[in-house]
Amino acid sequence: MTTGSIRNDWTRDEVSSLFAQPFNDLIFQAQTVHREHFPANQVQLSTLLSIKTGGCQEDCAYCPQSASFDAGVKAEKLMDVDAVLVAAKDAKAAGATRYCMGAAWRSPKDRDLDAVCDMITGVKDLGMETCVTLGMLTADQARRLKEAGLDYYNHNIDTSPDYYGEIITTRTFDDRLDTIGHVGDAGINLCCGGIVGMGESVRDRAEMLWVLATLPKHPDSVPINMLVRVEGTPLAEQGTVDPLDFVRTIAGARILMPASMVRLSAGREYMSEELQALCFLAGANSIFTGPRLLTTPNPEHDADMQMLGKLGLEAMPA
Ligand code: SAM
Ligand code: DTB
Ligand code: SF4
């Protein structure tokens, strides 16, 4: 059994054996590793805001913001800096320590980046950590974001290299890795994970985690999203994923990347408290709070606080 040491040399066989374990052994191992690296009963709270919604040029099959599908999301312009700061203050008052701003772009235009840099500086001045997700970045754009004070950049690999082509055709897996490299080179913390429930196999999930866990440096945070099936997108009719397989993916992320935050991300609106409790037991230690993710619903703040209270989980200080 692994001791929870940080390794970047996992073999594919090791990762698939992890997944093949009896459920109880896997969860016990994940919880043991979790306790070696994190306080057992703390969960980090982040809040999301869509600063530029819809009309995206990419064709990610899961995404209601792609201009390729009609999911009823109206394309909007980039928000004003002041409006973003008002929303960030509210999130801080509700207990969030990190503010995550998402834009439905293939990649940001340099002119738009000026405004995003102002948002980052403004949110930092409120005393919150900042995260943005803006699509592909050049090395220079990553450096500019770092100079503005950005703490985290979210850019997901989404799935395994093999399954990727079934989901996105407008940019490649290697494009994603290039952006991830630029983020790391600029000294920005990386938030990088994927989605479970898009019709991928257990092997694809293991491969996705293997790619993340063998990066030269593990992502500082690893969001594991459960597909939110949005009408109008090609994945709207996708069958549901077995909840226990979802928990296994969380446990795999925790064991393979012991010191990374594992975020139980999209899809909580459709999960029972029992399933979320199992995800925390399997090593998830971060969630998004607030009633909306980017365009889809998330549990109400009060309901989340009640759930955390029942589980004896506390908000992690920044
Ligand atoms: N446009 C940028 C990009 O794709 O890099 C940033 C925003 S994008 C919405 C961020 C991530 O949200 C995606 O990589 C995907 O993992 C996740 N996501 C989007 N739609 C989702 C859905 N319907 N269900 C689960 N996760 C989703
Ligand atoms: C991530 O991995 N999950 C968040 C965040 N990064 C940006 C986004 C989830 C979006 C879910 C679909 C929506 O609300 O539009
Ligand atoms: Fe665009 Fe991001 Fe949605 Fe893909 S996931 S369509 S890049 S907003």
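Q: Ala, Val, Leu, Ile, Met, Phe, Trp, Tyr, Cys and Pro count as nonpolar, Asp, Glu, Lys and Arg as charged, and the others as polar. With that in hand, how does the shell around ligand 2 split by class?
A: This is a predicted model, and in it the shell has 6 nonpolar, 6 polar and no charged residues. The residues around ligand 2 include Leu48, Pro64, Pro223, Phe288, Leu293 and Leu294, which go in the nonpolar bin because Leu, Pro and Phe are on that list. Thr133, Asn154, Asn156, Asn225, Thr295 and Thr296 are also around ligand 2, and they land in the polar bin because Thr and Asn are on neither named list.

Q: What makes Asn154 a polar contact of ligand 2?
A: A polar atom in the Asn154 side chain is 3.1 Å from a nitrogen of ligand 2. The limit for a pair of N or O atoms is 3.5 Å, so this one passes. Asn156 passes too, with a polar side-chain atom 2.8 Å from an oxygen of the ligand, and Asn225 likewise puts a polar side-chain atom 2.8 Å from an oxygen of ligand 2. As for cover, ligand 2 on its own has 410 Å² of accessible area, and the protein covers 88% of it.

Q: Where does ligand 2 sit?
A: In the largest cavity. That takes more than half of its atoms lying within 2 Å of the cavity's grid points.

Q: Which residues come nearest to ligand 1?
A: There are 16 residues around ligand 1, and Tyr62, Thr133, Asn156, Asp158 and Val228 come nearest. By class, the shell has 9 nonpolar, 5 polar and 2 charged residues.

Q: What makes Tyr62, Ala103 and Asp158 polar contacts of ligand 1?
A: Again, set the distances against 3.5 Å. A nitrogen of ligand 1 lies 3.0 Å from a backbone N or O atom of Tyr62, and a ligand nitrogen is 3.2 Å from a polar backbone atom of Ala103. With Asp158 it's a side-chain N or O atom, 2.7 Å from an oxygen of ligand 1. The protein buries 91% of the 550 Å² that ligand 1 exposes when taken alone.

Q: Which residues around ligand 3 make up its 2 charged ones?
A: Glu58 and Arg171 are both around ligand 3, and they count because Glu and Arg are in the charged class. The rest of that shell is 5 nonpolar and 1 polar. The polar one is Ser66, while Cys56, Cys60, Tyr62, Cys63 and Ala104 are nonpolar. The space ligand 3 takes is the largest cavity.

Q: Why is the pair Tyr164 and Phe173 called edge-to-face?
A: The whole structure has 1 aromatic pair. The ring centres of Tyr164 and Phe173 are 5.5 Å apart with planes at 85°, so edge-to-face it is: the cut-offs are 6.5 Å for pairing and over 60 degrees for that label.

Q: Are Tyr164 and Phe173 buried or exposed?
A: Both are buried, which means under 20% relative accessible area.

Notes: Residues numbered from 1 in each chain as written. Chains lettered and ligands numbered in written order. Predicted model: local features only at pLDDT ≥ 70, side-chain atom pairs only at ≥ 80, totals over all residues. Heavy atoms only, no water. Near = heavy atom within 4 Å. Polar contact = N/O pair within 3.5 Å; in protein donor to acceptor, adjacent residues only side chain to side chain. Areas by Shrake-Rupley, 256 points an atom, 1.4 Å probe, with all protein chains shown as cover. Phe/Tyr/Trp six-rings, centres within 6.5 Å; stacked < 30°, edge-to-face > 60°. Buried < 20%, exposed > 50% of the residue type's maximum accessible area, 1.4 Å probe, protein only. 1 Å grid on protein atoms, 1.4 Å probe; cavity = no way out; pocket = protein on both sides within 12 Å on 5 of 7 lines; lining within 4 Å.
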